[in-house]
Structure formats: C-alpha cells, structure tokens
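Q: I've just opened this structure and would like to learn how to read it. Could you walk me through its strands and its cavities?

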Amino acid sequence: MKIFIVCSRLSYGGAERVGVMLANGLSVSHSVYLISNTFEESTYEVESSVQLLPLFSSISSKIDKWASTLPNIRKYAKTYRPDVIIGIMETCSLVAKLATIGLSIPVIMTEHYAFDRPNDAELNRIERFSKFRLNKLYDCVTILTKADKQVIGNRLTNVVVMPNPLFLEPVNDVPIKEKTILAAGRLEAWFVKGFDILLKAWGTIAKQYPDWILEIAGEGKKEDLELLQDIVRKSEVENQVKFLGYKKNIVDRYKQSAIFVLSSRYEGFGLVLIEAMSQGCACVACDFKGRQREIIRNDSEGLVCVPNDVDALALAIKKMIDDDMYRQKVQKAAIERSKYYTMDKTIRRWEKLLKRLLSNNCL
C-alpha cells in the first residue's frame, strides 16, 4: 500500500510527533511518503524507510508558503499515485483534499482536539465550521475519544475513534523514583493546561511535604513564565517548584518522577498521560467530560478529578503522596494500562481502518 502523510512540520508539537510515528510505523510494511516542512530542523526522528518530500517550496511568507502546497501535493500524487492520504490536523488535511480533486484518492483527516470545551473556552465559529462542516469533505475523520463521538452524534457519519499512539516502550518494572511530581506542556498554553490550577493546588499542600518537588517541563514566552512564577511566589514555595523548559528527552523525567499530573481544563487526549503511565508514574488527571477516564478507567490505574478545581486537585495529589502502598500499586497498573496504546497495536488499528476504507471506499 502507498500512503501519503501530510504534516506541517516535524518538530515540537504532539500532533506532529504522532504524524512522524505513524509514518515510521506504517513504513515497516508499506510505502510511506511523509510530506512536510523540510526547511526546518526535525526534532523527531524519521526512519530511513520513510521517503520525505517537501510540503513547501518557499517559506518567505505565510501566503507563499501555503500556496505552494497545492501544486506540490498534486504533483506528488500524480507521480507516486498513493492509495490513501492521511492529513495531520485541519490545514494539512484540507490542502491535501483540495490538491487531489478529481484524482479519486481517499483523504483521511486526523482530529487532535476535542469537539467541545468548557464555557470559558468554547469553540469559535471557525473551529465549529471546521469540525462539523469541513469534516464532511473527507472519506474518513479519526477522532481521539468515544466522548467526542457522543458529542458529534449524527452530525458526521464518517468518524472513527483512533487514540493517539504511545511512542515510548513501557518499562518492565517500576524504576527507582524520586519524590517528584511532574507536569508537561507548553507554558503559553498554561490556561488550557491548567498550570495555574496546579501551582495553586501545590501551594496549598507543599509545605506539608518539604522533601517533594513539583516540576513543569515545557517552553514558553517570558511573560507566561513570569505569570506562573508569580503564583509560586505568592504561595511561598519557590524552593519546591522547578520550571524545566523544553526537555527533548523527557522520558528521563518520566522514569524518575513518582507522580505525574495532567491538570488541563480540557484536553482532547492525554498523550503525555499515557507516556507518563508507561514509565511507571502514578498519575492524577483532570478530566473534562470523560476523555481522560477512557485512559484511566478506575482508581487502580490512577486518580481522576474534575478540572478547574484547586481543592480537588490538591486532595488527589495529597492522596498519591500520603499512601505509599497505593501509589506503588497504581504505578504498576499504569504500566500495564499503557500497553493498550503501544505503537504496534496502534499500527494494527490503522491498517484495519485503511483496509476497510480502500475495500469499500466507505466506513
């Protein structure tokens, strides 16, 4: 099978990492062409079995950059005749669809964000149009959770639930852990990631645990870092909070941290959550309308609490710290649960989807 994967870049973002992982995984048994930004350095490793093609002819301006995608993709499609195209997120999926009009090549759109949000962060008009109107253009739309499928209802009939893959190999045994609580995400997305809630929650209990430290891994602008540091100063726990910046090899922090916290106000899918679980972290996840509960199915696999609630999050973290035996049981169960998302199982799900799509040209 010949597969095109169109991805805007090969660096930093979670969706971009998924695009590279899919390309690498599918290339074991199929001919995979990854069409992406070749002007920028890749922070994710692309296997030699994947053929890399330039998505942009120029990056001199945003208009020129994206205008060049249409003739480029169409040229590649006519030259290599792919059986299917997988677009990573909205823009790449749309340009792939427009570029191949009349070529009878099915296009799969991969959604990486939730289909609803809290009242203080609702989808805007363009986002709603993209999710519920533009998505009708595609032969298939993959979504991350069953919760989103319920939200969609009968507004789209071409959707398939496809969780994100785990790029790490689950450890066999729980590593030796430090008294560290880890969180990860871009600092400029602090509101979505709920880092303010996390810091306030930690500020209420940190002094009870002077030998424990909260670490936040992720880069951001100076003003975002200063905003979060101000919360830390007001709680007077500066010696128990560390901002690590971008960590290229975050797996080391997963392995060393006893607890991982996903404090997001809303999250399409907890990719960092399954990563942390795979390395034996006992996880606490804030859950907007059941999405993270699909990962942490019960209290033996981790703790789930309501989002945007300082007291609830503090209570969950406190339980993980206080109860050593419980925390150790959760760490072991988390490793087992993470195996559902491993790359080999994800690729089998994708291959099953692609065979169904190509055999019937419908779902």
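A: Happy to. Keep in mind that this is a predicted model. Let's begin with strand pairing: strand 1 and strand 2 (residues 31–36) run in the parallel sense, joined over five bridges.

Q: Which residue in strand 2 is the bridge partner of I5?

A: Look across from I5 and you'll find L34.

Q: How does the chain get from strand 1 to strand 2, and what is the handedness of the crossover?

A: After strand 1 the chain passes through helix 1 (residues 14–26) and then enters strand 2. That makes a β-α-β crossover, and here it is right-handed.

Q: In what sense do strand 1 and strand 4 pair, and over how many bridges?

A: Strand 4 (residues 84–88) pairs with strand 1 in the parallel sense, over four bridges. To find your place there, pick out V6, which has G87 of strand 4 opposite.

Q: Is strand 1 largely enclosed or exposed?

A: The way to read this is to go through the strand residue by residue, with buried meaning under 20% relative accessible area. Strand 1 covers residues 2–6, and four of its five residues are buried, so the rest of the structure largely encloses this strand.

Q: Now the cavities. How many are there of 30 Å³ or more?

A: The count is two. The largest has a volume of about 80 Å³, and the second largest has about 40 Å³.

Q: Which residues lie nearest the centre of the largest cavity?

A: Its lining has 14 residues, and those nearest the centre are V18, H112, M162, N164 and W350. Three elements give two or more residues to this lining: helix 1, strand 6 (140–143) and helix 14 (343–360). So you meet helix 1 again, the helix of the crossover between strand 1 and strand 2.

Q: What is the lining of the largest cavity like by class?

A: Sort its residues and you get eight nonpolar, five polar and one charged.

Q: And which residues line the second largest cavity?

A: They are A183, A184, K193, F195, F260, V261, L262, S263 and S264. Sorted by class, that lining has six nonpolar, two polar and one charged residues.

Q: Which strand gives the largest share of that lining?

A: Strand 11 does, with three residues. Strand 11 (257–262) and strand 8 (178–184) each supply at least two residues to the lining of the second largest cavity.

How values were computed: Residues numbered from 1 in each chain as written. Predicted model: local features only at pLDDT ≥ 70, side-chain atom pairs only at ≥ 80, totals over all residues. Heavy atoms only, no water. Buried < 20%, exposed > 50% of the residue type's maximum accessible area, 1.4 Å probe, protein only. Pairing = 2+ DSSP bridges. Right-handed = clockwise from strand over helix to strand, strands pointing away. 1 Å grid on protein atoms, 1.4 Å probe; cavity = no way out; pocket = protein on both sides within 12 Å on 5 of 7 lines; lining within 4 Å. Points joined across faces, edges and corners; volume = space filled by probe spheres on them. Nonpolar A, V, L, I, M, F, W, Y, C, P; charged D, E, K, R; others polar.
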